[in-house]
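Here's a quick walk through this model, feature by feature. Keep the sequence and the 3D view open as you read.

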Amino acid sequence: MEIVINPLLPLLKTLEHFHSLAMLDARLSEIYDFLDCDQNGALSKSELNAGLRRLRLEPPIHLSDDDWLNL
């Protein structure tokens, strides 16, 4: 049995402390805007990986082709 670990877990852990949906929604919007470098409303795999590097999460996140397809 293969255990699949969510590659976005370090990012998701940063969102655990929000106690209201409004605060969580606002933070998710901020993160999305930060990741969407060209502000076109969509994220490519390379754009998402570059943005995730800029977040400097520990451990760092890098999405593989398989991870991208699973998203």
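Leaving aside its neighbours within four places in sequence, which residues is Phe18 in contact with? They are Met23, Leu24 and Arg27. Bear in mind throughout that this is a predicted model.

## The nonpolar core

Phe18 also belongs to the largest nonpolar core, which has twelve residues in all. Going along the chain, the members are Leu8, Leu11, Leu15, Phe18, Ile31, Leu35, Leu43, Leu48, Leu52, Leu57, Ile61 and Leu63. If you want to know which elements give two or more residues to this core, look at helix 2, running 21–35, and helix 3, running 45–55.

## Two polar residues in helix 3

Is Asn49 buried or exposed? Asn49 sits in helix 3, and its relative accessibility is 4%, so it counts as buried. Setting aside neighbours within four places in sequence, you'll find Asn49 in contact with Ile61, His62 and Leu63. Two of those names, Ile61 and Leu63, also turn up in the list of core residues.

Ser46 is in helix 3 too, but here the relative accessible area is 55%, so Ser46 is exposed. The Ser46 side chain makes a polar contact of 3.4 Å with the side chain of Ser44. If you're tracing the fold, another pair to pick out is Ser46 and Leu63: they are 17 residues apart in sequence, with 8.9 Å between their C-alpha atoms.

## Salt bridges

How many salt bridges does a search of the whole structure find? The count is three. As background, side chains of opposite charge can pair when their charged atoms come close.

Start with Glu16 and Lys13, whose side chains meet in a salt bridge at 3.7 Å, N to O. Glu16 is exposed, at 56% relative accessibility, while Lys13 is partly exposed, at 48%. Next up are Glu30 and Arg27, with an N to O distance of 3.1 Å in their salt bridge. Both residues lie in helix 2, three residues apart, which is about one turn of the helix. Glu30 has a relative accessible area of 46% and is partly exposed; Arg27 is partly exposed as well, at 32%. You met Arg27 earlier, as one of the contacts of Phe18.

Then there's the salt bridge between the side chains of Asp65 and Lys45, at 2.1 Å, N to O. This pair links distant parts of the chain: Asp65 is in helix 4 (residues 65–70) and Lys45 is in helix 3, 20 residues apart. Asp65 has a relative accessible area of 52%, so it is exposed. Lys45, at 25% relative accessibility, counts as partly exposed.

## A nonpolar patch on the surface

Not every nonpolar side chain is tucked away. Ile5, Leu9 and Leu12 make a nonpolar surface patch of about 280 Å². Leu9 is in helix 1, which covers residues 9–13. With a relative accessible area of 36%, Leu9 is partly exposed, because it falls between the 20% cut-off for buried and the 50% cut-off for exposed.

## Backbone oddities in the loops

Where is Pro59 found? Look in the loop between helix 3 and helix 4. The peptide bond from Glu58 to Pro59 is cis, with omega near -5°.

Arg56 lies in that loop between helix 3 and helix 4 as well. Its phi is positive, about 55°, although Arg56 is not a glycine. The Arg56 relative accessible area is 73%, so this residue is exposed. Over in the loop between helix 2 and helix 3 you'll find Gln39, whose phi is near 55°, again a positive value in a residue other than glycine. Gln39 counts as exposed, at 52% relative accessibility.

Technical notes: Residues numbered from 1 in each chain as written. Predicted model: local features only at pLDDT ≥ 70, side-chain atom pairs only at ≥ 80, totals over all residues. Heavy atoms only, no water. Core = buried A, V, L, I, M, F, W, Y, C linked by side-chain atoms within 4.5 Å. Buried < 20%, exposed > 50% of the residue type's maximum accessible area, 1.4 Å probe, protein only. Helix = DSSP H or I, 4+ residues; strand = E, 2+ residues; numbered from the N terminus. Contact = heavy atoms within 4.5 Å. Polar contact = N/O pair within 3.5 Å; in protein donor to acceptor, adjacent residues only side chain to side chain. Patch = residues over 30% accessible without salt bridge, like charges linked within 9 Å, V, L, I, M, F, W, Y side chains within 5 Å. Areas by Shrake-Rupley, 256 points an atom, 1.4 Å probe, with all protein chains shown as cover. Salt bridge = Lys/Arg side-chain N within 4 Å of Asp/Glu carboxyl O.
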